Amino acid sequence: MKSRNLIIPILAILMLSSCGSRKNIVYFQDEPLEGDVTMSEPKQLIYKPDDILTINVAALDPDTVRPFNLSLVSGGTTDVVNARGGLQQQTYLVDYEGNIEFPVLGTLKIAGLTRTELTDMLTERISEYVTNPIVNVRLSNFTVTILGEVRNPGTFTIQDERITILEALGLADDLTIFGKRKNVLLVREVDGKKKYAKIDLTTVNVVNSPVYYLQQNDVIYVEPNNAKIRSSTYNQNNSVLISAIGTLTTIIAVFLVK
């Protein structure tokens, strides 16, 4: 009788301990933000070495801006992006000193500039040769890398140059059930140095984080929780043994109850 009274509570404890905790899994657990909320504003991208840019110059008279545009080339050439008609647009690689070689204008220092600043600078310089030029600048290699406990880890290319950490995790098909939602690590390079930030996805205040909007080449790492770490030490024989012990314990409990 004493054994029966003892084993049932033990089984109940084991069952409860195997259940995941809501606070470790659910996003945005605290109270919703109300009223006027000042969310973090996306910062303009700052161009830096190894960025790849497409720069197109247009005007009412296309012939006047032709010298300021790189020529289209056939596929298979390095440093190109897709263009119409099977041809591809050549791109500008920012060198380690932060420069690009621009037609007619020569060497331009662009590292540290935003898209708006670079567009204004090019418009002003090209206006010396062309009436009312229109300059369009895009970053072609805006990528973020997502590793760890997500369903689809990898490196993703962002087309619109603006993405939040939640959108990035969505590209990776969200965290697995084993990912630590309170301790997501972001690695960012700033002025040649690595910076680190921790992000808690279980709070609604994540939208106010200074790293809520990502920058090019950011790396996100989702740490596995303790359950996943423990499971990595199990082999197939351990799983069979645990299953057998569980079945045997259930049978014993049934007989003791009778």
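Modeller: Before we begin, contact between two residues means that they have heavy atoms within 4.5 Å. In this predicted model, 61% of the contacts between residues at least 6 apart in sequence join residues that are at least 24 apart.

Biologist: How many helices and strands does the chain have, and what share of its residues is buried?

Modeller: The chain has six helices and 13 strands. Of its 258 residues, 32% are buried, a word that stands for a relative accessible area under 20%.

Biologist: Why is T157 called partly exposed?

Modeller: The relative accessible area of T157 is 47%. Buried would require a value under 20% and exposed a value over 50%, so a residue in between is called partly exposed. T157 therefore belongs to the partly exposed class, with its 47%.

Biologist: Where is T157 found, and which residues is T157 in contact with, leaving aside neighbours within four places in sequence?

Modeller: T157 is found in strand 10, and, with those neighbours left aside, T157 is in contact with S140, F142 and T143. The C-alpha atoms of T157 and T143 are separated by 4.4 Å, although the two residues are 14 places apart along the chain.

Biologist: What makes strand 10 an edge strand?

Modeller: Strand 10 is part of an open sheet of five strands, with the order 10-9-13-11-12 and mixed pairing. Strand 10 (154-157) and strand 12 (193-199) are its edge strands, as each pairs on one side only. On average, neighbouring strands of this sheet are turned by 20° against each other, direction ignored.

Biologist: How do you know that strand 9 and strand 13 pair?

Modeller: Two strands are said to pair if at least two bridges are found between them. Strand 9 (residues 143-148) and strand 13 (residues 219-224) have four bridges, in the parallel sense, so they meet that requirement. As one example, L147 has Y221 in strand 13 as its bridge partner.

Biologist: In which sense do strand 1 and strand 8 run, and how many bridges join them?

Modeller: Strand 1 (residues 52-58) and strand 8 run antiparallel and are joined by six bridges, and A58 stands opposite I134 in strand 8.

Biologist: Which residues form the covered face of strand 8, and which the uncovered one?

Modeller: V135, V137 and L139 form the covered face of strand 8, whereas I134, N136 and R138 form the uncovered one. In a regular strand, side chains alternate between the two faces of the sheet.

Biologist: Which residues does I126 touch, not counting those up to four places away in sequence?

Modeller: I126 touches V57, F68, F102, L105, P133 and V135. I126 is also among the residues that touch the most other members of the largest nonpolar core, which has 47 residues.

Technical notes. Residues numbered from 1 in each chain as written. Predicted model: local features only at pLDDT ≥ 70, side-chain atom pairs only at ≥ 80, totals over all residues. Heavy atoms only, no water. Helix = DSSP H or I, 4+ residues; strand = E, 2+ residues; numbered from the N terminus. Axes fitted to C-alpha atoms, helices over the stretch in contact; angles between N-to-C directions. Buried < 20%, exposed > 50% of the residue type's maximum accessible area, 1.4 Å probe, protein only. Core = buried A, V, L, I, M, F, W, Y, C linked by side-chain atoms within 4.5 Å.
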